[in-house]
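I opened this entry to record what I looked up in chain B. I began with one helix and then turned to the chain around it.

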Amino acid sequence: MRYWFPFPFLSLGLLLFWVLISQSVSPGTLVLGGALSIALAWAMVNLGPHKSVPGRVRPLFRLAGAVLVDVVRSNIAVLRVMLGRRGKPATSGFLTVDLTLQDENAIALLACILTATPGTAWLEFDRTTRQLTLHILDTADGMDWQHIIKTRYERPLTEIFQ
Amino acid sequence: MTVLDLPAWAAIPVCLLLLLGAGNALAGAIGLLRLKSFYARLHAPSLMVSGATILICLASMLTFAVLQNRWVFHELAIIAFMIITTPVTLMLLGQAALYRDRAEGSQEVPHKEEGLKTEAAVEE
C-alpha cells in the first residue's frame, strides 16, 4: 500500500485537480487521472519532501475563516493607503517575529497566508534563529501584527500540524 | 460562442465583482507607482494577487455557471495556484533587496544578530 501510494493525499489532490480541469467524471478521465496521480506521486519520492500529516480539522476551519476575514480587511486597508492623499505617506516598517512553529509545511502555509493578505510582506526566515522578518506597510493603523501572527495564525497552525 | 444571454440578476453581481477586481488591480498598479520604498512596493502586487484574482475568478465562475446551467469550479485552481506561487517570487525579491541593503550597510533595514552569519556572508 505504502509502495503504491507513497503520498496518498498528494495523489488524491492530483486526481481531484485532474477531474476539476477536465470537467468530467467519465471513466476515461478517472483512469488517466488516476494513473497520472500515482506516477507523479512516485516522482515526488525522489524529491524527498518533508512529510507532515494534518492532525486536526477544526483549527483548520477556524484558520480558514480568520484568513478570509483578514484578506478582505487588509485589502481595504491597503487600498486606503495606496489611494490616500499624496501628502501623507504611510509609516511602514520592519518587524521580526520569533516563530515557535517547527513544521516546514506549516511555515510554508504561513508564508502563503502572509503574502495573500496585503500589508504584510514576508522577507526572510532564518532557520537557525527561527526568526521571521516581515515588512509592514502601515504600522500606524493600531494593529499589533506580532500579536495577530502569533495568535491568529501560528496557534491554529501549531494545533493542525502537531 | 453565440450571443451571451446573461439574465439581469446574474449580470449585476458579475459586473460588480469584475469592476471591484479590476479596480483592485488598478489600485495595485497605482500603488506600485506611488509608494516610496522598494519594500513598500512589495505590497502592491500582493493586492492584485489576493483581491483582484479572487474577485475576477468569482465573476468568471458565476458567469459560466449561469450560462451553462451547472456548477463551475475550475477557476478555484487559478486562485489556489496564484496564492501558492506568489510567495516564492516576493520572497526572492525581498531577500535580494535585504541582502543588497545589508551589504551596503544601510541603517534602515534590520540586521542579523552578531555571530550568526548568513550563508551569503560565509561565501564572501
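The expected span of a helix is taken as 1.5 Å times one less than its number of residues. I applied this to helix α4 of chain B in the predicted model. The helix covers residues 75-103, which is 29 residues, and its first and last C-alpha atoms are 43 Å apart, close to the expected 42 Å.

I next examined the course of α4(B). I found a kink of about 25 degrees at Thr85(B), shortly before the proline Pro87(B). After the helix comes Gly105(B), whose phi is positive, near 75 degrees.

Which residues of α4(B) are buried? I listed Glu75(B), Thr86(B), Pro87(B), Leu90(B), Gly94(B) and Leu98(B). Pro87(B), the proline that follows the kink, is thus on the buried list. I then looked up what covers these residues: the cover includes α3 (43-68) of chain B, and from chain A α4 (104-116) and β2 (120-126).

I compared the model with the record. The unreviewed UniProt entry annotates residues 6-35, 47-67 and 73-93 of chain B as "transmembrane region". In the model, residues 73-93 are 90% helix and 0% strand, with end C-alpha atoms 32 Å apart. For residues 6-35 I noted 90% helix and 0% strand, and 40 Å between the end C-alpha atoms.

Finally, I recorded the chain as a whole. Chain B has 5 helices and 0 strands. Of its 124 residues, 26% are buried. Among its contacts between residues at least 6 apart in sequence, 59% join residues at least 24 apart.

Terms used:
Residues are numbered from 1 along each chain as its sequence is written. Chains are lettered from A and ligands numbered from 1 in the order in which they are written. This is a predicted model: local features need pLDDT of at least 70, side-chain atom pairs count only at pLDDT 80 or more; totals for chains, interfaces and linings use all residues. UniProt positions are given in the numbering used here, feature names are shortened, and annotations may be inferred rather than shown by experiment. Helices (H or I, at least four residues) and strands (E, at least two) are DSSP runs, numbered from the N terminus. The bend at a residue is the angle between axes fitted to the seven residues ending there and the seven starting there. A residue is buried if 20 or more other C-beta atoms lie within 10 Å of its own, exposed if 12 or fewer, and partly exposed in between; C-beta atoms are placed from the backbone. Two residues are in contact if their C-beta atoms, placed from the backbone, lie within 7 Å.
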